[in-house]
Amino acid sequence: MLLPRAAGAARGLGGGRSAAPLSALSQVLQLDQSRRTAIVFPLQKVTRYLAPGVDTESFRLFQPDLAALQRAEVFFRSGRDHTIDYVSSAVRMDHVPPLTLPEVCFIGRSNVGKSSLIRALFSLSPEVEVRVSKTPGHTKKMNFFKVGKYFTLVDMPGYGYRAPQDFVEMVEAYLQERHNLKRTFLLVDGVVGLQKTDHIGLEMLEEFGIPYVMVLTKIDRASKGLLLKNVLEIQQFVKENTKGCFPQLFLVSSLEFSGVHLLRCFVAHVTGNLSTVETS
């Protein structure tokens, strides 16, 4: 899909706030055609290096048009009548917020970039505090963020290195009991690809029949060849070994905002806030 240039800045609920460069779609649309398409649809950039005849159908299952991307951005921009807030943290299910809104959660191994990605998603509302630490395993609790009256986003503890001892009990209980959970986002490091540690999350989601999506993070740190290798290996794994995983892999860079706009749109879609998404 090729994105047109924008005539001006997109407006959100209650107007815009200062944010990082390229965090707003209107900023991306001022770039040249190749650059802006690569940022919004980074998986398309990868397909250019595929051998002829390779099946790319699963690369294009969710490819919204410009109007859908703009509508989705509104939910991530706070304003007078639309507040995005950190709500609470919890280590046990009896401490979590009530089941009032559709919910999505982000899980992955320690240091995969969960908190950085969530901060990038909320970058249009810089007053929202998402703590990002350089120390692996810093996130010890389930952190809940309420996005107005539309949905809740949850930052889960990382598994693997320095993970909290009660991680499995905490996350298993959440996945089994959180009936308003609409989609889980399983993050995988784009530089190292799918690791044995990642199977902790994969097996948990498959066992409980939880619908999920795989997100490849830190793609700005991987060479084109390495990124292509990891994408193809993960896509093949999803095809052969999973039942609950959405077939399309999402690529993101929290630093360059590649894939962030598309992921915002997918979150808005799976939480029922974009009931129809036109694609092209």
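## Exercises on buried charges and strand β4

Arg 183 is buried but forms no salt bridge, and Glu 206, the nearest side chain of opposite charge, is 11 Å away. The model is predicted.

**Exercise 1.** Describe the surroundings of Arg 183, and state which strand holds Arg 183.

*Solution.*
1. Place the residue: Arg 183 lies in strand β5, residues 181-189.
2. Test for a salt bridge. The rule asks for a side-chain nitrogen of Lys or Arg within 4 Å of a carboxyl oxygen of Asp or Glu. The nearest side chain of opposite charge to Arg 183 is Glu 206, at 11 Å, and Arg 183 has no salt bridge.
3. List the contacts, leaving aside neighbours within four places in sequence. Arg 183 then touches Glu 103, Val 104 and Cys 105, then Pro 211, Tyr 212 and Val 213, and also Phe 246, Phe 266 and Val 270.
4. Connect one contact to the next exercise: Glu 103, which is in contact with Arg 183, has Thr 152 as its bridge partner in β4.

**Exercise 2.** Work out how strand β4 is paired and covered: which strands pair with β4, and in which sense?

*Solution.*
1. On one side of the pairing list is β2 (residues 103-108), which runs parallel to β4 over 4 bridges. Within this pairing, Glu 103 is matched with Thr 152.
2. Strand β3 (residues 142-147) pairs with β4 in the antiparallel sense over 5 bridges. Here Asn 143 stands opposite Asp 155.
3. The β3 and β4 hairpin has 3 residues between the strands, and Gly 148 adopts a positive phi near 55 degrees.
4. Sort the side chains by direction. Phe 151, Leu 153 and Asp 155 point one way, Thr 152 and Val 154 the other way, and all are buried.
5. Count the cover: 5 of the 5 residues of β4 (residues 151-155) are buried.

**Exercise 3.** Decide whether the salt bridge of Lys 114 and Asp 155 is buried or exposed, and where its two residues lie in the chain.

*Solution.*
1. The side chains of Lys 114 and Asp 155 form a salt bridge at 3.6 Å, N to O. This pair links distant parts of the chain, with Lys 114 in helix α5 (residues 114-121) and Asp 155 in strand β4, 41 residues apart.
2. Apply the cut-off: buried means under 20% relative accessible area.
3. Lys 114 counts as buried because its relative accessibility is 7%. Asp 155 is buried because its relative accessible area is 2%.

**Exercise 4.** State how many salt bridges the rule gives, and describe two further pairs.

*Solution.*
1. The count comes to 8 salt bridges.
2. Glu 73 and Arg 77 meet through their side chains at 3.0 Å, N to O. Both of these residues, Glu 73 and Arg 77, are buried.
3. Asp 189 and Lys 218 form a salt bridge at 3.5 Å, N to O. The pair links distant parts of the chain: Asp 189 is in strand β5 and Lys 218 in the loop between β6 (212-217) and α8 (224-241), 29 residues apart. Asp 189 and Lys 218 are both buried.
4. Look for shared partners: Glu 73, Arg 77 and Arg 264 are joined into one network of salt bridges.

**Exercise 5.** Set these details against totals for the protein chain.

*Solution.*
1. The secondary structure comprises 9 helices and 7 strands.
2. Of the 280 residues, 55% are buried.
3. Among contacts between residues at least 6 apart in sequence, 76% join residues at least 24 apart.
4. The exposed area is about 12800 Å², of which carbon and sulfur atoms supply 49%.

Terms used: Residues numbered from 1 in each chain as written. Predicted model: local features only at pLDDT ≥ 70, side-chain atom pairs only at ≥ 80, totals over all residues. Heavy atoms only, no water. Buried < 20%, exposed > 50% of the residue type's maximum accessible area, 1.4 Å probe, protein only. Pairing = 2+ DSSP bridges. Contact = heavy atoms within 4.5 Å. Areas by Shrake-Rupley, 256 points an atom, 1.4 Å probe, with all protein chains shown as cover. Lys, Arg positive; Asp, Glu negative; His and termini not counted.
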